[in-house]
Amino acid sequence: MMGRKRGGQKPLFYAFNLDDHVAADHLLRGIDRCLDLGELRHQLAPFYSHTGRPSIDPELMVRMLIVGYSFGIRSERRLCEEVHLNLAYRWFCRLGLEDAVPDHSTFSKNRHGRFRESDAFRRVFESVVARCMKEGLVGGEGFAIDASVIKADANRSRSTAREGAENLRDPQHATRAVREYLAALDAQGEPGTVPASISPTDPGARWTAVDGPAFYAYSTNYLIDVQAGIIVDVEATPRLQTAEVKATRTMIERVEERFALKPERLIGDMAYGNAELLGWMVNDKGIAPHVPVWDRTQRDDGTVSSSDFQWNEQADEYRCPQGKALRKQRRTFKNLRTHITKAGTVIYRASQSDCANCPMKAHCCPNTPNRKIARGVHEAARDVARDIAKTDAYKQSRKDRKKVEMLFAHLKRILRLDRLRLRGPNGAHDEFLLTAIAQNLRRMAKWLFSAEPEVTSTAI
């Protein structure tokens with residue numbers, strides 16, 4: 001028999017427990033167990049006035065932002081609507097059914113003020129990493145480094161030429177992103193290379209082309225522990241290879257300072273195989289570089305390459321395939337010389353008489369009277385990396401490096417951070433930190449509490 005819902009007098013009182021309506025295996029339950037914001041209020045206390053009307057609870061705003069970045073809710077206006085409607089979001093944010101949700105404008109006011117001045121997002125990120133370490137998810141033996149390009153909130157069809165960069169100092173262009181860009185230029189002291197194309201809305205973004213038309217972008221740099229794929233540090237940089245390499249040093253030193261962690265091996269692609277960084281890892285930090293060597297000495301014209309010459313450390317010389325010596329000097333100087341060039345190399349030359357009578361001259365140095373080899377000051381570190389590349393541990397490191405690439409895929413496809421919403425270096429810094437916080441919390445919740453992400457309309 002077909003039933004019919006019977007209408008009647010509505011009850012005067014309702015007994016409603018919000019906790020009973022959140023599934024036991026909901027992702028937010030696992031995240032809530034992993035998240036500790038007990039120190040947040042103490043850290044932000046100096047940035048609040050002792051008088052006046054009470055403000056919105058900062059822990060509430062941080063929890064709402066974690067919800068947004070964990071479920072790919074990119075708009076703060078929509079985030080407020082989702083928290084208002086979704087019972088699980090209300091439960092996680094410690095909001096009752098009758099509690100009001102903060103206005104979306106509250107987030108921008110606090111982000112550009114107290115949160116940024118106190119570096120609150122960095123503190124929350126480090127507290128999450130500390131919890132991962134406490135739970136045994138960070139081994140500290142091997143780290144992987146990589147960078148991913150994220151589009152900036154800048155119109156690619158609007159740009160300023162290099163010659164018009166000074167017009168940005170006009171007060172009418174003094175947006176927050178422009179002020180951050182100008183402050184960074186002033187802090188450099190010496191002017192750096194001005195890019196050929198500058199976005200007037202976000203000058204800190206760099207013009208780049210990755211698998212398609214060019215656009216303005218930033219890079220998010222991840223340093224992860226390969227044991228469980230936990231992000232131990234994150235850094236926002238312009239889309240520049242030199243900036244990404246510099247961020248590697250910054251993150252390794254910061255992790256060592258904050259958490260007393262220094263890896264035995266660092267895994268990366270060829271972008272991190274330049275001589276200076278390899279020398280820093282091997283000589284200064286004692287880290288085994290599991291990265292391909294960036295080597296331009298190999299010749300593809302059929303002539304003999306530098307790798308065909310044997311290096312003798314004791315004699316400080318090379319030996320050619322014919323057994324002749326290449327030395328940096330052939331007589332004793334009165335004043336000691338380093339022989340280091342401006343390019344950071346030492347030139348080793350063969351004798352002209354040896355090369356003139358050599359049967360291999362046409363295949364070795366056909367256009368010069370004698371053969372010479374430029375040996376970098378960090379060549380010993382490059383040799384260490386070359387030797388590591390022949391081991392089985394290096395093959396395992398190639399597999400471990402995929403963990404950081406998977407995090408970038410998750411960041412763009414699931415968390416929907418394929419384009420920044422905030423502008424300027426500080427905006428990129430905030431968004432990358434919040435995304436890393438969300439990824440670490442999601443992973444920790446899954447590892448510790450077997451919390452599988454729930455498929456919702458906001459995560460599709």
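Helices, in the sense used here, are DSSP runs of at least four residues, numbered from the N terminus. The helix called α10 is followed by G286, whose phi is positive, near 65°. Everything described below is read from a predicted model, and the account begins with this helix before turning to a sheet further along the sequence.

Helix α10 covers residues 275-285, and its buried residues are L277, L278, G279, W280, M281 and K285. The elements that cover these buried residues include two helices, α9 (241-259) and α13 (379-388), together with the strands β7 (265-267) and β8 (288-290). At its N-terminal end α10 is capped by N274, a side-chain oxygen of which lies 3.3 Å from the backbone nitrogen of E276.

The sheet can be followed strand by strand. Strands of a sheet pair through backbone hydrogen bonds, in either a parallel or an antiparallel way. Here five strands, in the order β9-β10-β11-β12-β13, form an open sheet with antiparallel pairing. Its edges are β9 (310-312) and β13 (372-376), each of which pairs on one side only. On average, neighbouring strands of this sheet are turned by 30° against each other, direction ignored.

Within the sheet, β12 offers a useful line to trace. Strand β11 (residues 325-327) is joined to strand β12 (residues 345-350) by two bridges, and these two strands run antiparallel. R327 has R349 as its bridge partner in β12, and R349 in turn has K372 as its bridge partner in β13. The antiparallel pairing of β12 with β13 extends over five bridges.

In a regular strand the side chains alternate between the two faces of the sheet. In the edge strand β13, the covered face carries I373 and R375, whereas K372, A374 and G376 belong to the uncovered one. From the covered face, R375 lies over the face of W311, at 3.8 Å from the ring centre.

W311 also leads to a group of aromatic rings, since W311, Y318 and Y348 form one aromatic cluster. The whole structure holds seven aromatic pairs. One of them is the tilted pair of W311 and Y318, with 4.9 Å from centre to centre and 55° between the planes. Y318 and Y348 form another pair, which is edge-to-face, with 5.5 Å between the centres and 80° between the planes. Because Y318 lies in strand β10 (residues 317-319) and Y348 in strand β12, this pair ties together parts that are 30 residues apart in sequence. As for exposure, W311 is partly exposed, with a relative accessible area of 23%, whereas Y318 is buried, with a value of 7%, and Y348 is buried as well.

Strand β10 also contains E317. With a relative accessibility of 5%, this residue counts as buried, because the limit for that class is under 20%. The side chain of E317 makes a polar contact of 3.0 Å with the side chain of R319, and a polar contact of 3.0 Å also joins the side chains of E317 and R327. Leaving aside residues up to four places away in sequence, E317 touches Q310, W311, N312, A325, L326, R327 and Y348. Among these, W311 and Y348 are members of the aromatic cluster, and R327 is the residue whose bridge partner in β12 is R349.

A last feature also involves an arginine and an aromatic ring: the charged end of R114 sits over the ring of Y48, 4.0 Å from its centre.

How values were computed:
Residues numbered from 1 in each chain as written. Predicted model: local features only at pLDDT ≥ 70, side-chain atom pairs only at ≥ 80, totals over all residues. Heavy atoms only, no water. Pairing = 2+ DSSP bridges. Axes fitted to C-alpha atoms, helices over the stretch in contact; angles between N-to-C directions. Buried < 20%, exposed > 50% of the residue type's maximum accessible area, 1.4 Å probe, protein only. Phe/Tyr/Trp six-rings, centres within 6.5 Å; stacked < 30°, edge-to-face > 60°. Lys NZ or Arg CZ within 6 Å of the ring centre and 35° of its normal. Polar contact = N/O pair within 3.5 Å; in protein donor to acceptor, adjacent residues only side chain to side chain. Contact = heavy atoms within 4.5 Å.
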